[in-house]
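Student: Before I accept any label for this protein, I would like to see how each one is reached. Could we go through some of them together?

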Amino acid sequence: MVSYVLVQGVPMAINYDQEKQDLTRRNFLSLTANGVIGLGLLGAAGVFGKFFWPNVSYGPPTAFAIGKPTNFPDGAKQNIADQKVSIIRHGDKLGAISMVCQHLGCTVAASPTGYDCPCHGSKYDDMGNVTHGPAQIALFWFDVHPTPSGDLEVDKSKKNDPGHYYTIV
Ligand code: FES
């Protein structure tokens, strides 16, 4: 469609169909170019923003429940293999001994006399004290404490010397 307008008193013809067609093509190209640029900027912002996100992997929790004290009869030596902890009970006292050898970190095995390391032959008594090297340091004892539910919890983040018992009340 052709229309006429007056520009400073002079009639000028405007072809709206041609104008509309050019505008549509121009808009299409403009939108496409803007879209491509926008996606590129968004991707770059994502890569840049990732630097602000901490690259942390979380380990398993250090505290775990072991249930009621009655789960451990007097004289018990019960190993919790997946936690590498041995729970011992002497009367009304309960202890949690690390089963990680103090030499090079192998997992010790319970023996009739205490704990033996299969890697280089270190031996520990029932309290985790070294009786035969090459290990020089006793096995850690972990903190044992009750939870509000009455269950006991071992906290491997709190290491103690041998003989650090929880007294059952
Ligand atoms: S790691 Fe246990 S004796 Fe070497």
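The conversation below sets values from this predicted model against the definitions behind the words.

Student: Why is Lys84 called partly exposed?
Tutor: A residue is buried with 20 or more other C-beta atoms within 10 Å of its own and exposed with 12 or fewer; Lys84 has 15 such neighbours, so Lys84 counts as partly exposed.

Student: Where is Lys84 placed, and what is its phi?
Tutor: Lys84 sits in the loop between strand S4 (77-80) and strand S5 (85-90), and its phi is near 55 degrees, a positive value in a residue other than glycine. Most residues other than glycine have a negative phi.

Student: Which residues does a cis peptide bond join?
Tutor: That bond links Gly133 and Pro134, with omega at about 15 degrees, and Pro134 belongs to the loop between strand S10 (130-132) and strand S11 (141-146). Most peptide bonds are trans.

Student: How do you know whether the radius of gyration of the protein fits a compact globule or not?
Tutor: For 169 residues, a compact globule would have a radius of gyration near 15 Å, but the protein has 37 Å, and its C-alpha atoms fill a box of roughly 115 × 40 × 20 Å along the principal axes.

Student: Which domains are assigned, and how far apart are their C-alpha centres?
Tutor: The domain assignment gives domain 1 (2-52) and domain 2 (63-167), and the C-alpha centres of domain 1 and domain 2 are 73 Å apart.

Student: How many helices and strands does the protein have?
Tutor: The secondary structure comes to 1 helix and 13 strands, and along the sequence two strands precede the helix.

Note on methods: Residues numbered from 1 in each chain as written. Predicted model: local features only at pLDDT ≥ 70, side-chain atom pairs only at ≥ 80, totals over all residues. Domains from an automatic or database assignment. Helix = DSSP H or I, 4+ residues; strand = E, 2+ residues; numbered from the N terminus. Rg over C-alpha atoms; globule rule 2.2 N^0.38 Å.
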